Protein chains: 4
Amino acid sequence: MTAPSAVKAALTSQSIETPSWAYGNSGTRFKVFAQEGVPRTPREKLDDAAQVHRYTGVAPTVALHIPWDRVDDYAALAGYAEDQGLRIGAINSNTFQDDDYRLGSVCHPDATVRRKALDHLLECVDIMDATGSRDLKLWFADGTNYPGQDDVRSRQDRLAEALDAVYARLGDDQRLLLEYKFFEPAFYSTDVPDWGTAYAHCLRLGPKAEVVVDTGHHAPGTNIEFIVAVLLREGKLGGFDFNSRFYADDDLMVGAADPFQLFRIMYEVVRGGGFTSDVAFMLDQCHNIEPKIQAIIRSVMNVQEATAKALLVDRDALGVAQAEGDVLGANAVLMDAFNTDVRPLLAEVREEQGLAPDPIAAFRASGWAERIRTERVGGQQAGWGA
Amino acid sequence: MTAPSAVKAALTSQSIETPSWAYGNSGTRFKVFAQEGVPRTPREKLDDAAQVHRYTGVAPTVALHIPWDRVDDYAALAGYAEDQGLRIGAINSNTFQDDDYRLGSVCHPDATVRRKALDHLLECVDIMDATGSRDLKLWFADGTNYPGQDDVRSRQDRLAEALDAVYARLGDDQRLLLEYKFFEPAFYSTDVPDWGTAYAHCLRLGPKAEVVVDTGHHAPGTNIEFIVAVLLREGKLGGFDFNSRFYADDDLMVGAADPFQLFRIMYEVVRGGGFTSDVAFMLDQCHNIEPKIQAIIRSVMNVQEATAKALLVDRDALGVAQAEGDVLGANAVLMDAFNTDVRPLLAEVREEQGLAPDPIAAFRASGWAERIRTERVGGQQAGWGA
Amino acid sequence: MTAPSAVKAALTSQSIETPSWAYGNSGTRFKVFAQEGVPRTPREKLDDAAQVHRYTGVAPTVALHIPWDRVDDYAALAGYAEDQGLRIGAINSNTFQDDDYRLGSVCHPDATVRRKALDHLLECVDIMDATGSRDLKLWFADGTNYPGQDDVRSRQDRLAEALDAVYARLGDDQRLLLEYKFFEPAFYSTDVPDWGTAYAHCLRLGPKAEVVVDTGHHAPGTNIEFIVAVLLREGKLGGFDFNSRFYADDDLMVGAADPFQLFRIMYEVVRGGGFTSDVAFMLDQCHNIEPKIQAIIRSVMNVQEATAKALLVDRDALGVAQAEGDVLGANAVLMDAFNTDVRPLLAEVREEQGLAPDPIAAFRASGWAERIRTERVGGQQAGWGA
Amino acid sequence: MTAPSAVKAALTSQSIETPSWAYGNSGTRFKVFAQEGVPRTPREKLDDAAQVHRYTGVAPTVALHIPWDRVDDYAALAGYAEDQGLRIGAINSNTFQDDDYRLGSVCHPDATVRRKALDHLLECVDIMDATGSRDLKLWFADGTNYPGQDDVRSRQDRLAEALDAVYARLGDDQRLLLEYKFFEPAFYSTDVPDWGTAYAHCLRLGPKAEVVVDTGHHAPGTNIEFIVAVLLREGKLGGFDFNSRFYADDDLMVGAADPFQLFRIMYEVVRGGGFTSDVAFMLDQCHNIEPKIQAIIRSVMNVQEATAKALLVDRDALGVAQAEGDVLGANAVLMDAFNTDVRPLLAEVREEQGLAPDPIAAFRASGWAERIRTERVGGQQAGWGA
């Protein structure tokens with residue numbers, strides 16, 4: 001069994017990235033319920049993210065989404081982040097909200113639209129240069145709604161062309177992380193619908209291109225931890241977009257729908273060396289009805305708890321049972337770790353870092369939520385549209 | 001085999017209701033792509049619906065959605081519809097777009113919110129009285145996103161209380177149609193998630209309450225025609241919300257994703273007598289990227305084609321094969337009807353009614369699309385929010 | 001929060017029924033892997049079941065499956081069970097393994113086959129009389145593989161006729177438990193595919209007819225605890241067939257695939273009073289590759305652990321948070337119970353009953369597995385076919 | 001639009017392989033319903049396959065399954081096939097029916113078992129040499145039922161090792177076709193669960209390794225034609241195992257569940273050049289309740305009809321509509337081909353080849369079914385176990 005001190009050390013070194021957009025309003029196609037106190041500017045998002053890092057100690061980076069976080073001076077924004085104890089994480093592109101993108105972006109049948117989309121992607125690399133961001137995270141909403149609407153295969157050719165151009169623009173220490181998604185907003189075909197498609201493109205592109213696993217982007221029943229294990233084995237796992245779902249891409253708090261699945265995923269990460277490599281652990285969630293900062297703190301804690309359990313797996317005992325073909329014994333070793341209540345351990349870890357043992361309670365006691373409700377009045381709240 | 005004349009007569013008598021909101025803008029949580037020429041008022045929606053009826057001859061009623069179609073004088077709106085050769089169809093309630101409804105409407109934990117929602121439902125019955133509408137169609141977005149968020153069972157009690165009050169308000173010739181939906185916008189529990197729940201409530205309510213089957217509202221793999229057959233057998237099928245889907249509630253044009261399924265559904269309708277009873281055949285779709293009026297005409301035609309094929313099934317031969325346990329023979333009888341190209345038959349039916357044989361071509365030639373693009377400039381386009 | 005003593009008392013009074021067939025061989029359509037030591041007779045199955053009860057203390061009844069457990073003298077079999085400290089639980093009918101049932105049993109198009117199937121069901125009630133069993137559990141494999149193969153609605157009529165006849169035969173203290181299943185072995189339509197269909201039949205039949213929820217018999221994504229809550233509210237939940245699944249009806253050990261789901265189900269049972277009523281908690285699993293007795297002990301323990309967590313939910317605090325619309329607070333109350341490690345509590349409960357704290361270890365130490373491997377040589381091992 | 005003569009020529013040149021095992025008995029884990037007249041030997045299977053080819057004209061090859069089709073002299077078996085106007089198609093390995101394979105075959109934790117499995121695969125290549133078969137089709141039932149049971153990643157290493165050894169053994173004109181499957185018989189993890197995994201292995205192996213798409217082996221909702229398009233684009237589509245499904249791997253007659261999907265798949269094949277390359281079109285079905293030879297003839301016809309419709313797509317018009325972003329126009333071009341009744345065209349094609357226009361009727365009239373029921377009495381019927 002892993003020594004408790006090693007488990008603690010690993011937990012202390014963990015880093016979970018929070019997304020700027022999760023601090024803003026979000027919703028479904030039916031309704032966006034605005035919440036009081038929601039940030040109105042990228043800096044206010046960073047202010048909220050600093051709270052999450054303050055109480056958890058493991059959320060030092062914040063992902064940006066362009067154009068939702070567009071500013072005139074990105075270096076200044078990075079400086080502001082630094083002042084709050086944060087760094088800029090992945091830059092997320094957006095090629096789905098201009099009217100031009102009705103039929104796609106880099107896969108659009110019209111070369112003019114494709115060029116526009118590509119220019120946006122290249123702009124994102126500029127922003128990476130300005131902010132010191134390492135990762136360009138690409139999610140394409142491209143796809144079709146009706147059979148025959150467009151030529152599925154030609155769209156792959158167009159996609160490849162755009163990815164090649166972006167890849168060529170990357171600096172030495174920059175990565176292209178390609179995300180796949182089963183469906184939505186396209187309802188018949190999606191141009192990067194599964195890990196296989198993302199993997200094939202990343203393989204062609206080269207070592208700086210890796211696959212992102214969004215835990216909510218799979219067909220029902222998909223064994224996500226298998227994909228994680230295979231991508232790690234192939235050296236192509238760039239990172240995670242964490243969230244959870246019961247149905248489709250529900251974007252609930254990670255660990256809320258199936259904590260056992262999250263544990264299994266984290267176990268494959270630990271087993272595959274992903275925890276000590278450059279795999280990025282990012283959240284990508286929508287807090288449609290619950291308070292956002294608290295929900296993000298809870299999500300960070302859920303990842304921590306799953307990680308702690310994964311680290312606690314007695315891998316020696318597990319290996320012995322597996323080698324012996326002891327089905328129940330091997331399963332029991334895994335379940336023993338999962339069934340352990342790791343909250344006391346994490347409380348210890350936090351206290352050893354000088355943090356409050358219960359981040360949620362500490363945040364609630366801080367008055368931050370009340371303060372932003374009072375102060376952030378007027379202006380345009382941040383959301384997916386701005 | 002059904003005589004061609006009987007098939008034609010049945011097709012001529014068919015009536016398919018189009019929804020006012022399908023003429024307006026719609027989209028996904030990621031983006032609503034506005035289209036030029038989209039109606040700005042309920043009357044303009046009726047104008048477009050009149051076009052659909054003009055070229056298909058089988059779409060004489062239009063469903064309203066309150067508050068999206070709120071007007072000062074509903075009787076006048078009904079009169080306007082009549083002037084266009086239309087009637088007002090089902091009244092659809094909306095208890096999901098006020099900020100108060102963040103945690104539900106008639107199932108909300110707070111009695112004040114429940115009362116507000118109920119008042120809206122009762123207002124909808126008032127509108128039925130004013131417009132001569134027969135059906136109140138209730139779809140509740142109510143549900144929860146997180147386990148424990150609310151008490152699932154208490155929410156059923158609250159739902160029952162509201163439904164009882166609405167039912168008591170119905171006039172003699174009015175019906176309450178209760179719709180179920182697997183998920184969305186709620187992502188953990190939905191208060192009316194399946195036909196069983198809707199059926200149990202309708203059974204308690206009484207004969208004026210019936211279940212609506214939205215073809216996009218089921219778990220993956222669900223055999224919808226079975227549900228249709230069972231509800232018809234129980235005398236509880238109130239109608240359909242037609243659309244099609246590959247994944248979740250995609251709201252694509254009916255028949256676009258799985259025309260064989262639509263045929264099987266229509267076959268159970270024909271076989272169960274639903275075609276000659278008061279089952280309402282309604283569309284409920286989102287034309288996010290395609291031109292709306294054409295898409296609705298196509299949808300109406302798709303329902304007609306599936307109906308024609310269902311009517312063409314040689315039920316005598318089918319019965320014989322089924323009784324003999326001739327699996328392949330019985331299947332072949334059904335497939336023979338499905339594989340028949342019924343487009344010539346429908347062209348004949350239209351021509352016998354004095355209509356153009358190809359509604360899409362006739363509409364395209366009419367210049368209506370160009371006209372509304374030119375005329376409907378300025379103002380606020382209709383959409384889900386208004 | 002429920003007092004620990006009350007939780008312990010509830011856990012002590014819990015009763016989980018094991019199925020005779022789970023002690024025999026099982027497999028997939030690809031292969032049945034025989035295991036050494038598997039029972040060859042109903043008595044040997046009872047011997048194994050007695051071991052499970054011996055080490056868990058909560059498994060005093062054993063379900064039989066006819067004809068797999070056919071004996072000449074059922075009263076004698078019941079006596080033998082009693083000698084082992086057991087009672088006969090539910091009688092399970094089998095109308096799917098005779099060649100006559102190729103196209104169905106009680107729903108078959110041929111009246112002769114239907115009569116044969118009905119006679120078997122009535123025979124099962126005779127066996128209930130002889131063994132003192134309370135519950136007749138009916139699962140029908142009936143369905144069709146191809147559209148058109150048979151008339152879906154007529155099959156409902158035939159099903160109703162058979163159920164009526166069986167219901168009429170029940171004694172005063174006997175129940176008919178109707179099980180539904182999404183699919184398999186039928187691949188197009190299934191005659192009792194969902195809880196709604198089972199519920200409608202049970203409602204018509206009367207108070208002695210109730211629905212059985214097999215946790216593996218649902219469409220992907222189905223919220224099973226919702227169904228449990230609704231059936232309890234309607235007074236129609238007869239019991240559970242517990243198992244777990246990642247994909248279809250995998251029949252894995254209950255709690256092995258999604259322990260959080262099992263907890264949520266048990267919470268609705270507790271909340272709905274099902275734990276103190278006559279809801280039957282039965283296992284229905286296939287231990288295709290793992291040792292059977294140990295797997296069943298583990299399954300019983302998994303149900304116990306989920307129950308303990310459900311009992312530990314602080315329902316007062318939960319109710320307050322729910323009433324206040326505190327989404328995260330209410331969820332946290334539920335998760336707090338789930339995250340608790342209840343294994344020490346259950347060890348205490350066992351020790352207070354004079355049992356070993358770790359049933360698996362105690363069974364392994366007992367030598368029973370080695371003994372049956374040695375003694376049960378020759379003869380015909382029990383399986384699904386015999 | 002493709003000229004009718006070109007369509008006919010393409011249809012005439014089509015070749016659909018039937019599997020020897022589909023002529024034998026099959027079933028579910030619940031029951032195998034034996035049918036009268038079923039073959040008892042590989043030669044009798046070839047006799048039945050010859051009937052399928054005789055009436056369809058497009059089924060000249062038969063896939064073998066080892067050991068189900070094990071004979072002493074494979075060259076003689078190939079000669080017998082030739083005498084019936086047939087050739088031996090793909091050789092299918094079986095590493096799932098020996099007791100040793102309880103925990104896997106080439107991925108088993110025990111090297112001895114892995115060696116045994118590998119030897120079997122190499123034996124299959126010997127049989128290819130002896131029979132002139134071009135393709136080795138590998139489907140591995142390997143996987144695990146419980147989390148932790150074995151190390152998912154190590155199993156990939158073992159798989160890779162075995163595949164490397166087999167690949168090295170292939171002759172110049174031989175191919176290794178790797179099949180993936182979502183689940184079953186493994187219920188937690190499957191070692192080749194998706195096209196991405198199969199693709200990654202084939203890529204490493206080299207040009208003689210290609211992926212097989214079994215149309216029943218995907219997660220719910222998967223867009224199979226997308227995978228087909230991508231694999232063709234990558235030059236890695238080796239062939240199809242055709243069948244259809246409503247739920248899991250139902251193995252129904254191809255085209256029976258979703259004929260529109262089959263058409264879309266065949267369209268991508270035509271569009272991607274797969275129809276004129278070495279893509280193998282194979283059936284892999286289970287005729288559990290329907291007469292087998294007729295079901296296979298029907299399946300061949302279904303593939304032909306889908307192919308004919310795919311060939312009829314007006315690709316010029318489609319390309320224009322796609323380039324213009326005309327969503328409804330492009331969809332209409334595709335649907336026009338699908339809605340065409342191609343049965344008269346196929347009847348013509350058959351008559352031009354000297355075949356009866358209706359293969360099913362011709363087979364029924366031939367008396368073959370009656371003859372084998374009379375003659376094939378006694379002996380051991382072929383099935384999955386022998």
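## Cysteines without partners

B:Cys124 sits out of reach of solvent in this predicted model: its relative accessibility is 0%, so B:Cys124 counts as buried. Is B:Cys124 left unpaired for a reason of distance, and why? The closest cysteine sulfur belongs to B:Cys107 and lies 16 Å from the sulfur of B:Cys124, which is too far for a bond. A disulfide is a covalent bond between the sulfur atoms of two cysteines.

Chain A tells a matching story. A:Cys124 is in no disulfide, and the nearest cysteine sulfur, that of A:Cys107, is 16 Å away. A:Cys124 is also buried, with a relative accessible area of 0%. Counting over all chains, you'll find zero disulfides in the structure.

## Where chain B meets chain C

Now for the interfaces, starting with B and C. Here 54 residues of chain B are in contact with 53 residues of chain C. Putting these chains together buries about 4,300 Å² between them, and 58% of that is on carbon and sulfur atoms. On the chain B side, B:Arg153, B:Phe226 and B:Arg233 supply 18% of the area buried against chain C, more than any other three residues.

What about charge pairing and polar contacts? The rule finds four salt bridges across the interface of chain B and chain C. One of the salt bridges links C:Arg271 to B:Asp151, with the closest N and O atoms 2.6 Å apart. For polar contacts between chain B and chain C, the count is 19 residue pairs, both residues at pLDDT 80 or more.

Which elements give two or more residues to the side of chain B that touches chain C? They are α5 (152-169), β7 (189-190), α6 (195-205), α7 (224-233), α8 (259-271), α10 (315-323) and α11 (327-339) of chain B. The largest share comes from α7(B), with seven residues. By residue type, that side of chain B divides into 26 nonpolar, 15 polar and 13 charged.

## Where chain D meets chain C

Chain C also has chain D for a neighbour: 40 residues of chain D are in contact with 40 residues of chain C. Between them, chain D and chain C bury about 4,000 Å², with 64% of it on carbon and sulfur atoms. Within chain D, the residues that lose the most area to chain C are D:Arg29, D:Phe30 and D:Tyr146, together 22% of what that side buries.

How many salt bridges are counted between chain D and chain C? The count is eight. One example to pull up in the viewer is the salt bridge where the side chains of D:Lys31 and C:Asp99 meet, at 3.1 Å from N to O. There are also 20 residue pairs in polar contact between chain D and chain C, with both residues at pLDDT 80 or more. The side of chain D that touches chain C is made up of 23 nonpolar, six polar and eleven charged residues.

## Backbone oddities

Most residues other than glycine have a negative phi, and most peptide bonds are trans. A few spots in this model go the other way. In chain A, the peptide bond from A:Glu184 to A:Pro185 is cis, with omega near 10°. A:Pro185 is in the loop between β6 (175-179) and β7 (189-190) of chain A, and A:Glu184 is placed in the loop between β6 and β7 too. A:Glu184 has a positive phi, near 80°, and is a residue other than glycine. Is A:Glu184 buried or exposed? With a relative accessible area of 16%, A:Glu184 is buried.

In chain C, C:Glu184 likewise has a positive phi near 80°. C:Glu184 is found in the loop between β6 (175-179) and β7 (189-190) of chain C, and is buried at a relative accessible area of 16%. Over in chain B, a cis peptide bond joins B:Ile66 and B:Pro67, with omega about 20°. B:Pro67 belongs to the loop between β2 (61-65) and α3 (74-83) of chain B.

## A buried glutamine

One more residue in chain B to click on is B:Gln51, in helix α2 (residues 42-56). B:Gln51 is buried, with a relative accessible area of 7%. Which residues does B:Gln51 touch, not counting those up to four places away in sequence? The contacts are B:Ile293, B:Phe363, B:Ser366 and B:Trp368.

Terms used. Residues are numbered from 1 along each chain as its sequence is written. Chains are lettered from A and ligands numbered from 1 in the order in which they are written. This is a predicted model: local features need pLDDT of at least 70, side-chain atom pairs count only at pLDDT 80 or more; totals for chains, interfaces and linings use all residues. Side-chain values use heavy atoms; hydrogens and water are left out. A disulfide is a pair of cysteine sulfur atoms within 2.5 Å. Buried means under 20% relative accessible area, exposed over 50%, partly exposed in between (1.4 Å probe, protein chains only). Contact means heavy atoms within 4.5 Å. Buried area is the accessible area (1.4 Å probe) that two parts lose on being put together, summed over both. A polar contact is a pair of N or O atoms within 3.5 Å; within protein, one must be able to donate a hydrogen and the other to accept it, and residues adjacent in sequence count only if both atoms are side-chain atoms. Ala, Val, Leu, Ile, Met, Phe, Trp, Tyr, Cys and Pro count as nonpolar, Asp, Glu, Lys and Arg as charged, and the others, Gly among them, as polar. Helices (H or I, at least four residues) and strands (E, at least two) are DSSP runs, numbered from the N terminus.
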